[in-house]
Amino acid sequence: MTEYLAVDGGTIAYEVAGTGPLVVLAHGLGDSRAAYRSVVPPLVAAGYRVAAVDLRGCGESSADWSDWSRTAIAGDLLALVRHLGGPAVLVGHSIAGGAATIAAAREPGLVSGLVELAPFTRKQSIRPGDLRIKRVRQGMLRLLGATVSGSTRQWRAYLDVAYPGVRPADWAGRLDRIDAMLREPGRRKAFTGMLRAAPADAGAQLGGVRAPVLVVMGTLDPDWADPHAEGAGIVAALPPGLGRVELVEGAGHYPHDQFPEQVVSLVLPFLKENAARA
């Protein structure tokens, strides 16, 4: 059942299932909390209270906002944790990985752990040789097209690269739901606003994180020539000993949707160790 939380500037939609330590799931741009539809049931079955949230401008959250930065999204996540009674382990995908980093650094008492899935948390740089890798070249060109035009066609083309190989059983329906959402009034503005939001604000906060961090990368993620190196760069910028990187072989930018069982198998031990503090 959808619930709503009024925050400064709009309304955030979310749903909660289960009982136990709190885990908050935040999706990536151009998506909704449905991205975690295969992750929520096993986390609930394992004894966690799971809140899946629609980011500002996405899903059932209100569409009209003035700020699409990771810092703004972090404020929404912290407001939800306060409302539900934290602390919580934050799970953030892509842009929400960076937002979760900021939330953890700003309010360490509210965040007991971070799981970053294919996160955009650091300032990005492209080396000339990276474009020789087909998946990177295709992903970059399609993302650029979506950023410039806000085209849902270009976004679908990017998703085609971002989900290499294995795809969810409901793939066609998932794409149709994403298309329908992006056609709603104000949603395209949110989409392009997030696409254009640089991750420098999140990178600047990595050194201030005090909670343990698990970074999960897909080996075929089109956003990086070397996904492991990107994850390792995030860990290196954290205080020593806080973070580690795990790889999901064959996954693209959505490991939790392509291989939910494998991602859950990585997340549950992390939760057992860190969510217990809640």
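**A mixed sheet, two cores and one cavity**

Tyr14 has Val53 of strand E4 as its bridge partner. Strands here are DSSP runs of E, at least two residues long, and helices are runs of H or I of at least four, both numbered from the N terminus. This is a predicted model, in which local features need pLDDT of at least 70 and side-chain atom pairs pLDDT 80 or more, while totals for chains, interfaces and linings use all residues. Residues are numbered from 1 along each chain, and side-chain values use heavy atoms, without hydrogens or water.

Strand E2 (residues 10-17) runs antiparallel to E4 (residues 49-53), and four bridges link the two; pairing requires at least two bridges found by DSSP. Both belong to an open, mixed sheet of eight strands, ordered E1-E2-E4-E3-E5-E6-E7-E8. At its edges lie E1 (3-7) and E8 (243-248), each paired on one side only.

Turning to the interior, the largest nonpolar core has 66 residues, and Val24, Leu90, Trp155 and Leu159 touch the most other members. Such a core joins buried Ala, Val, Leu, Ile, Met, Phe, Trp, Tyr and Cys residues through side-chain atoms within 4.5 Å, where buried means under 20% relative accessible area (1.4 Å probe, protein chains only). A second, separate core of 23 residues includes Val39, Leu117, Leu214 and Leu266.

Val39 and Leu117 also line the largest cavity, together with Tyr36, Leu43, Val91, His256, Val263, Val264 and Val267. Helix H11 gives the most to this lining, with three residues. A cavity is a set of points on a 1 Å grid over the protein atoms alone where a 1.4 Å probe fits but cannot get out, and lining residues have an atom within 4 Å of a point.

Technical notes. Buried means under 20% relative accessible area, exposed over 50%, partly exposed in between (1.4 Å probe, protein chains only). On a 1 Å grid over the protein atoms alone, a cavity is a set of points where a 1.4 Å probe fits but cannot get out, and a pocket is an open set with protein on both sides within 12 Å along at least five of seven lines; lining residues have an atom within 4 Å of a point.
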